[in-house]
Amino acid sequence: MFWRKKEKEISSNFFKENREFGAKEFLLVINHLVDGLLVFDKKNRLSLINPKAEEFFRVKKEDVLGKHILELNKFPYFAPLVYFLGGGIKESNGEEVKIKENFILKVFSISMRLKGEKIGTLIILHNISREKLIEKMKSEFVTVAAHQLRTPTSGMKWCFKMLLDGDLGELSPEQKEAIKKAYIANDKVIKLVTNLLNVASIEEGKYLSKPTLSSLEDLFLPIIDDYETIIKKKDLKIVVKKPKEKLPKVMVDAEKIKIAFRNLLDNAIKYTPEKGKIIISMEGGKEKVKIQIKDNGMGIPEKEQVKVFSKFFRGENALKTETEGTGLGLYIAKNIVEAHGGEIGFESKEGKGSVFYFTLPVKKKFGEFLTSEFY
């Protein structure tokens, strides 16, 4: 992070009396910054505010200079920032603070030190409202488009199913094969629409609902059975390592956490070669449970591993062997797990396979859940 790297330089030079760059020049620079700038002294009193910050918070410097950060709470636009930073002014590495509707600032808070002693705090405020608005518009477009596609594709699915089942008369082998291909293609579109709706819901902050105290074994084991056909077709060996004692129940949105598990298992099955092996293990503890899926598939190239949980990511080696896929499965899984207060990670070596795992906290009550409806 640029500001972190510059912390020492800023700290040691900010209040030096003798410097080549004079006070007038310095003030000229900060007065023309496109980012907001606040400087608090060691007693957390505001000692500097630039014009952009005055604009952000709709204040005049003569009204706020010299005031303790907690005193700034009486200014409406300042209040969210004060609440975020607190009276002691915590450090921040680019966290987002919503000042008001459609006005969001990315906040960098840096402790300034001179010879090891704190002399103040520098706050940099970057306006990301436009980017967030564009993201929101894109998300809303995806939601509307996906919803509009959902109804006709679902209708087409049942029409194809009726034809394949002979409800509208017998088909010739050629006709049946053509309808079957159309059915499969349409089903892929339905899955894509579902994934797009999942992503849109994640980005709108409306993803989790209906949390219940659940057994992960009861939720996940039936999912493995759903893959029986493809497991037999690829002659895969699936090993399920259950814990010696039953896993403690966890508070989860059952439908969403099943999506996360299904996405990880789906990848393991898809990218493991014929006659390969997949090991699913479940471990329990007092504070968390851990689910792990290990395969001996193609693995992920080391140079691409940093992007694994990004939207639309697909490894180069995966694209060569498996052309189909949206690259949304791991992104969705990560967001589901983290929304539950859990952690997700992986280890992988190209040509050797991958291990994906996630943990969930063991809690009787779970206050972090978002209660908004999924759709």
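**Note on the predicted model**

1. Phe-312 lies in the loop between S10 and H12. The model is predicted. At 53% relative accessibility, Phe-312 passes the 50% cut-off and therefore counts as exposed. Setting aside neighbours within four places in sequence, Phe-312 is in contact with Thr-326, Gly-327 and Leu-328. For Phe-312 and Leu-328, the C-alpha atoms are 5.3 Å apart, with 16 residues of separation along the chain.

2. Gln-305 belongs to the loop between strand S10 (288-295) and helix H12 (316-321). A polar atom of the Gln-305 side chain is 3.0 Å from the backbone oxygen of Ser-348. Ser-348 also appears among the contacts of Gln-305 beyond four places in sequence, together with Ile-300 and Phe-346.

3. Now the aromatic rings. The structure holds 7 aromatic pairs. One of them is Phe-57 with Phe-78: the ring centres are 4.1 Å apart and the planes lie at 10°, so this pair is stacked. The pair links distant parts of the chain, 21 residues apart. Phe-57 is in helix H4 (residues 51-57), while Phe-78 is in the loop between helix H5 (61-64) and helix H6 (79-85). Both Phe-57 and Phe-78 are buried.

4. There is also a ring cluster. Phe-220, Phe-261 and Phe-358 are linked into it by ring pairs.

5. Two lysines sit over rings. Lys-290 places its charged end over the ring of Tyr-357, 4.9 Å from the centre. Lys-157 lies over the face of Trp-158, and here the distance to the ring centre is 5.7 Å.

6. Which strands does S4 pair with? On one side of the account is strand S3 (residues 92-100), antiparallel to S4 and joined to it by 7 bridges. Strand S5 (residues 117-127) is likewise antiparallel to S4, with 10 bridges between them. As for cover, 9 of the 12 residues of strand S4 (residues 103-114) are buried, so to speak of S4 as mostly covered is fair.

7. The S3–S4 connection is a hairpin with 2 residues between the strands. Asn-102, in the turn, has a positive phi of about 65°. Lys-100 has Phe-103 in S4 as its bridge partner.

8. S4 and S5 form a hairpin as well, with 2 residues between the strands. Lys-115 takes a positive phi near 55° there. Along this pairing, Val-107 stands opposite Leu-125 in S5.

Methods:
Residues are numbered from 1 along each chain as its sequence is written. This is a predicted model: local features need pLDDT of at least 70, side-chain atom pairs count only at pLDDT 80 or more; totals for chains, interfaces and linings use all residues. Side-chain values use heavy atoms; hydrogens and water are left out. Rings of Phe, Tyr and Trp (its six-membered ring) pair if their centres lie within 6.5 Å; planes under 30 degrees apart count as stacked, over 60 as edge-to-face and the rest as tilted. Helices (H or I, at least four residues) and strands (E, at least two) are DSSP runs, numbered from the N terminus. Buried means under 20% relative accessible area, exposed over 50%, partly exposed in between (1.4 Å probe, protein chains only). A charge sits over a ring if NZ of Lys or CZ of Arg is within 6 Å of the ring centre and within 35 degrees of the ring normal. A polar contact is a pair of N or O atoms within 3.5 Å; within protein, one must be able to donate a hydrogen and the other to accept it, and residues adjacent in sequence count only if both atoms are side-chain atoms. Contact means heavy atoms within 4.5 Å. Two strands pair if DSSP finds at least two bridges between them.
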